[in-house]
Amino acid sequence: MSSKGELYVIAAPSGAGKTSLMRGLLKRCPRLSLSVSDTTRPARAGEVDGEQYHFVSVEEFKAGIEAGDYLEYAEVYGNFYGTRRDRVEALWAAGRDVLLEIDVQGARSVRAQFPGLCSMFILPPSMKILAERLKGRGSDAPEVIERRLGEARAELEACGDFRWMVVNDDFDTALEELTSIVKVWPLRRARQAKRVTRLLDEIPARDTMKD
Ligand code: GDP
Ligand code: ADP
Ligand code: 5GP
């Protein structure tokens with residue numbers, strides 16, 4: 001895949017606030033677009049096909065895996081989730097930077113494919129608050145919440161592989177911090193190297209300047 005735009009990944013334990021923060025981030029960063037994933041999990045109340053996710057059957061998902069349609073996919077909390085290559089390609093082709101909101105397994109796979117990835121991990125202030133937020137969201141059955149909390153340890157253990165970590169205690173502070181990361185990332189030296197080469201090409205060679 002050719003990557004013209006930037007690629008950003010956000011991961012976090014379920015309930016840490018990544019969906020809420022990501023919505024704020026998309027409003028504040030006009031070049032950024034979310035790649036909407038495929039999932040086999042049932043839609044929650046209020047979720048619209050094509051907005052939060054493309055809701056597909058297990059059969060459709062498996063056919064997509066066979067066809068190599070997924071840039072990455074993973075089984076998370078008992079369902080399949082995956083990022084379709086063509087959606088990311090189309091966003092880059094339209095001049096956009098792409099944000100993936102995916103789990104830690106997916107982030108690992110994408111990191112291996114794109115070393116220039118900007119990976120961000122969101123930490124909850126405490127496990128107690130994480131549990132309260134998951135329950136307070138009111139979107140999952142108690143056994144689903146238990147399962148998600150049970151995975152939090154393994155997810156937190158993976159956070160050392162991410163470049164940036166933001167604690168979502170005060171929402172506005174966390175959003176400001178994420179926005180700063182997204183805005184500063186394209187200014188890294190590796191990304192600017194071609195610009196410097198172009199500037200140097202504009203300067204005449206030393207011996208032609210002597211006369
Ligand atoms: P770039 O790959 O051209 O953008 O060069 P960078 O200086 O940005 O990357 C430095 C190193 O960080 C490379 O060896 C990458 O493979 C590595 N790297 C990329 N993403 C991650 C990440 O999420 N976590 C960690 N620990 N390293 C990463
Ligand atoms: P995730 O996408 O990581 O599962 P959500 O964005 O759905 O998490 O957030 C989980 C719940 O916590 C939601 O009800 C959300 O409104 C709430 N929430 C998110 N961030 C904060 C915060 N900083 N303070 C208080 N509540 C928050
Ligand atoms: P939820 O069901 O709460 O929307 O998401 C559950 C988990 O699946 C979250 O950790 C979310 O980041 C992850 N997820 C969502 N889409 C994808 C995807 O396309 N690929 C992978 N690997 N994980 C995803």
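## Ligand 3 site and nonpolar cores

Around ligand 3 there are 17 residues (near meaning that a heavy atom lies within 4 Å), and those that come nearest are Ser37, Arg41, Tyr53, Tyr81 and Arg148. This is a predicted model, in which local features need pLDDT of at least 70 and side-chain atom pairs count only at pLDDT 80 or more, while totals for chains, interfaces and linings use all residues. Residues are numbered from 1 along each chain as its sequence is written, ligands are numbered from 1 in the order in which they are written, and side-chain values use heavy atoms, with hydrogens and water left out.

Polar contacts (pairs of N or O atoms within 3.5 Å) to ligand 3 include the following.

| Protein atom | Distance to an oxygen atom of ligand 3 |
|---|---|
| Arg44, polar side-chain atom | 2.9 Å |
| Tyr81, polar side-chain atom | 2.5 Å |
| Gly82, backbone N or O atom | 3.1 Å |

Taken alone, ligand 3 exposes 510 Å² (Shrake-Rupley method, 1.4 Å probe), and the protein buries 97% of that area.

The largest nonpolar core, a set of buried residues (under 20% relative accessible area) joined through side-chain atoms within 4.5 Å, has 26 residues, and those with the most contacts inside it are Tyr8, Leu25, Leu99, Met120 and Leu178. Among the elements that each supply at least two residues of this core are strand 1 (7–11), helix 1 (18–28) and helix 7 (171–184), and helix 7 gives the largest share, five residues. A second, separate core of 19 residues includes Ala11, Val98, Leu100 and Ile102.

Leaving aside neighbours within four places in sequence, Tyr8 is in contact (heavy atoms within 4.5 Å) with residues including Leu32, Val98, Leu99, Leu100, Met120 and Trp185.

Definitions and conventions
Buried means under 20% relative accessible area, exposed over 50%, partly exposed in between (1.4 Å probe, protein chains only). Helices (H or I, at least four residues) and strands (E, at least two) are DSSP runs, numbered from the N terminus. A polar contact is a pair of N or O atoms within 3.5 Å; within protein, one must be able to donate a hydrogen and the other to accept it, and residues adjacent in sequence count only if both atoms are side-chain atoms.
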